[in-house]
Amino acid sequence: MPRKIAAGNWKMNATASDLDQISALAVTHANTTIDILICPPATLIAQAAALNGPIRIGGQDCHSATSGAHTGDIAAPMLAACGASAVIVGHSERRSDHGETDAMVQAKAMAAHAAGLTAIICIGETLAEREAGTTLQIIDRQLAGSIPGGASEANTVIAYEPVWAIGTGRVPTLDQIGEVHAHIRAQYPTLAILYGGSVKGSNAADIFAVPHVNGALVGGASLRAADFSPIIAALESA
Ligand code: PGA
């Protein structure tokens with residue numbers, strides 16, 4: 001059974017005054033039985049990782065190289081050195097804002113592995129692709145192109161995030177989530193598979209009851225402990 005993971009992606013939000021949200025989660029979930037991960041902006045990783053408690057800290061992206069002339073980028077060993085244990089790669093916002101291809105995402109995941117980080121590799125179809133009936137083909141292409149050969153349950157998590165559900169309040173039906181998760185599970189029997197896209201306290205328990213959903217990657221509802229905590233609790237009791 002893959003481990004359960006509640007991961008929060010803070011995206012380009014938060015400054016040091018928001019670190020108390022992580023402290024609050026650490027108190028409420030001090031004895032948690034699952035993996036809780038917060039991926040704050042890179043500017044907060046070192047401070048967040050220095051907080052005591054069960055909350056793991058991750059990056060939101062890394063470069064595929066270990067160092068060099070790449071202005072504005074962050075290398076995976078740098079994330080590890082300031083206390084991150086994981087990094088999100090291939091988020092749809094990186095794929096669309098920065099033109100990241102499957103090959104680039106795969107190279108980033110390999111860099112994460114080499115640095116000892118868990119790579120949370122994101123995949124998901126657009127609304128046009130779903131409406132064209134090509135969702136599973138898109139998922140297969142992204143899996144084949146983005147997941148490195150060395151992926152194992154120790155270093156890789158897959159996040160299925162339909163692009164049209166991210167930040168929109170639109171959530172796929174439970175059957176739609178289940179279809180894609182079962183499809184991924186057939187190819188990756190041991191990896192944790194997270195669902196992402198408009199997860200909230202009010203829908204988390206239903207989503208976590210879908211077979212092969214091992215947790216969630218949460219954007220907006222991870223910013224405040226009061227919103228994220230019920231999602232964590234739903235996963236703890238799933
Ligand atoms: P959302 O974002 O929860 O705000 O929809 C999810 C994500 O982008 O990981």
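What follows is a walk through the ligand site of this predicted model and then through one loop residue. Residues are numbered from 1 along each chain as its sequence is written, and side-chain values use heavy atoms, with hydrogens and water left out. Because the model is predicted, local features need pLDDT of at least 70 and side-chain atom pairs count only at pLDDT 80 or more, whereas totals for chains, interfaces and linings use all residues.

Around the ligand there are 13 residues, of which K11, H91, E161, G167 and S198 come nearest; a residue is counted here if one of its heavy atoms lies within 4 Å of the ligand. By class, this shell has 4 nonpolar, 7 polar and 2 charged residues, where Asp, Glu, Lys and Arg count as charged and Gly is among the polar ones.

Polar contacts, meaning pairs of N or O atoms within 3.5 Å, can be followed from residue to residue. A polar side-chain atom of E161 lies 2.6 Å from an oxygen atom of the ligand, an N or O atom in the side chain of K11 is 2.7 Å from a ligand oxygen, and G219 offers a polar backbone atom 2.8 Å from an oxygen of the ligand. Taken alone the ligand exposes 280 Å², and the protein buries 95% of that, with areas from the Shrake-Rupley method and a 1.4 Å probe.

Turning to the loop between β1 (5-9) and α1 (20-28), one finds A16, which is partly exposed with a relative accessible area of 39%, a class that lies between buried (under 20%) and exposed (over 50%). A16 and H29 are 13 residues apart in sequence and 21 Å apart in space, C-alpha to C-alpha.

Key:
Polar contact = N/O pair within 3.5 Å; in protein donor to acceptor, adjacent residues only side chain to side chain. Helix = DSSP H or I, 4+ residues; strand = E, 2+ residues; numbered from the N terminus. Buried < 20%, exposed > 50% of the residue type's maximum accessible area, 1.4 Å probe, protein only.
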